Amino acid sequence: MADGSPNSAGVEDGIALTLRRDHAGDDSVIRVALILVPRFSMLSLSSLLEAAEKANQLSGKRLFEYSFFACSGPVIPSQCGLSVEVRPIEELVSTPPDLVLVIGDSVGTRFKSRRTEATLRQLKRQGVRIGGVGSACFILARAGVLQDRPCAVPWYLREAYVENFSPHHAAENLYLIDRDLVTCAGGVAMLDLALALISRSFGNELAASIADELMYGAIRSPGDTQSHGLVRRVKNPLVVQLARLMEESVEPLVSPRDLARRVCVSQRQMERLFSHHLGTTPSRYQKRVRLNRAQRMLRHTTLTVSEIAIACGFQSLSHFSKVYRQTFGLSPRRDRILA
């Protein structure tokens, strides 16, 4: 059973262990409703649909049925340009599905729909299992259906989520299954979530067979965390530890020398490690970490440029603007406008 912490296994006994309806037989079809937002992630959607269709094919039964909904229509464009025909979102209330998943986009913080939020609240009162993928965590939070529970937040949207909601609920997990609530960071992690739900509903053997058919490796668990940053492929544990400390020590800013002391290495050894594994110095790497964070905050939060500069360890707005332009080729304000 999950302990409720963001980095826990994220699985609790009971309703989350299966998508089967309690009143239906083993041959019942699980109905999944997919709410799409404009410029939704086609990768997240296709990962789910491929797993569901493989489940139907390999089992020889119609285990899953799915339909598409939105607050506008009749078609919704994806981020890659392909469009999907959708039905009005209000239809969900009259015929509640077994699971409703909101498929978010890569921006997410800009999409707001009172109709969508009201529908999710109504479905919640009707006892429907609800989930959000990618930036949909913002929609679920605004709708009030999270009920102070942690949810999987894409790492690049964490600053924006913390600005608007509680930092204690922004989990780094690939996905979380918490009773009647499921959340996923999006992308390929959607396939892991789909296989986990299939496993809980129809058994590990079917989920493993689907993974084999899709040429997918080991199915990741809800306890696995998102991998990101410049050192995601670096295997040296000291370099990984130091890089993570740099990402966590932006506000207030901690010097490379003090970070080296924290892991009990000399500054000289730290410089050799960064040079060998990352091809840069600790100071330059730390500055890039701060600038990358600033770029995410510019694109996904409403904080002012001055507030972002301070939050990323820059004492001078002019210095921040100068190094930002040198790194990304445009000013912070221009980047925000074009994002």
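Okay, salt bridges to start: there are 14 of them in this structure, and keep in mind that we're looking at a predicted model. The general idea is familiar: side chains of opposite charge can pair when their charged atoms come close.

Take E91 and R87. Their side chains form a salt bridge, with N to O at 2.9 Å. Where does E91 sit on the buried-to-exposed scale? It's partly exposed, because its relative accessible area comes out at 31%, and the cut-offs for that class are 20% and 50%. R87 is partly exposed as well, at 41%.

Now compare that with E159 and R296, another salt bridge, also listed at 2.9 Å from N to O. This pair ties together distant parts of the chain: E159 belongs to helix α5, residues 158–164, while R296 belongs to helix α11, residues 282–300, and 137 residues separate the two. Both E159 and R296 are buried.

One more pair, and then a network. R179 bridges to D178, where the closest N and O atoms are 3.2 Å apart. Here R179 is partly exposed, with a relative accessible area of 35%, whereas D178 is buried at 9%. And the two don't stand alone: K124, R149, D178, R179 and D180 are connected through a network of salt bridges. Hang on to K124, since we'll meet that residue again in helix α3.

Before the helix, let's go to strand β6, residues 99–103. How many of its residues are buried? 5 of the 5, so the strand is largely enclosed by the rest of the structure. In a regular strand, side chains alternate between the two faces of the sheet. You can follow that here: L99, L101 and I103 point one way from β6, V100 and V102 point the other way, and every one of these is buried.

What's alongside β6? Strand β1, residues 30–36, runs parallel to it, joined by 5 bridges, and A33 stands opposite V100. Strand β7, residues 129–133, is also parallel to β6 and also joined by 5 bridges. On that side, look for I103 opposite V133.

Right, helix α3, residues 114–125. At 1.5 Å a residue, its 12 residues should span 16 Å, and the end C-alpha atoms are 17 Å apart, so that agrees. Which residues of α3 are buried? T116, E117, T119, L120, L123 and K124. They cover an arc of only 160 degrees around the axis, so they lie on the same side of α3. The general reason such a pattern can arise is that an α-helix has 3.6 residues a turn, so residues three or four places apart point the same way.

On the face of α3 turned away from that buried side you'll find R114 and R125, which are exposed. As for what covers the buried residues, the list includes β1, β6 and β7, the strands we just visited, plus α2 (91–94) and α4 (136–143). Just past the end of α3, G127 has a positive phi of about 85 degrees.

Last stop, the aromatics. The structure has 10 aromatic pairs. In one of them, the ring centres of F314 and F320 are 5.1 Å apart with planes at 50 degrees, so we call the pair tilted. F314 is buried at 3% relative accessible area, and F320 is buried at 0%. Zoom out a little and ring pairs link F314, F320, Y324 and F328 into a cluster.

Methods
Residues numbered from 1 in each chain as written. Predicted model: local features only at pLDDT ≥ 70, side-chain atom pairs only at ≥ 80, totals over all residues. Heavy atoms only, no water. Salt bridge = Lys/Arg side-chain N within 4 Å of Asp/Glu carboxyl O. Buried < 20%, exposed > 50% of the residue type's maximum accessible area, 1.4 Å probe, protein only. Helix = DSSP H or I, 4+ residues; strand = E, 2+ residues; numbered from the N terminus. Pairing = 2+ DSSP bridges. Expected span 1.5 Å × (residues − 1). Arc of directions from axis to C-beta. Contact = heavy atoms within 4.5 Å. Phe/Tyr/Trp six-rings, centres within 6.5 Å; stacked < 30°, edge-to-face > 60°.
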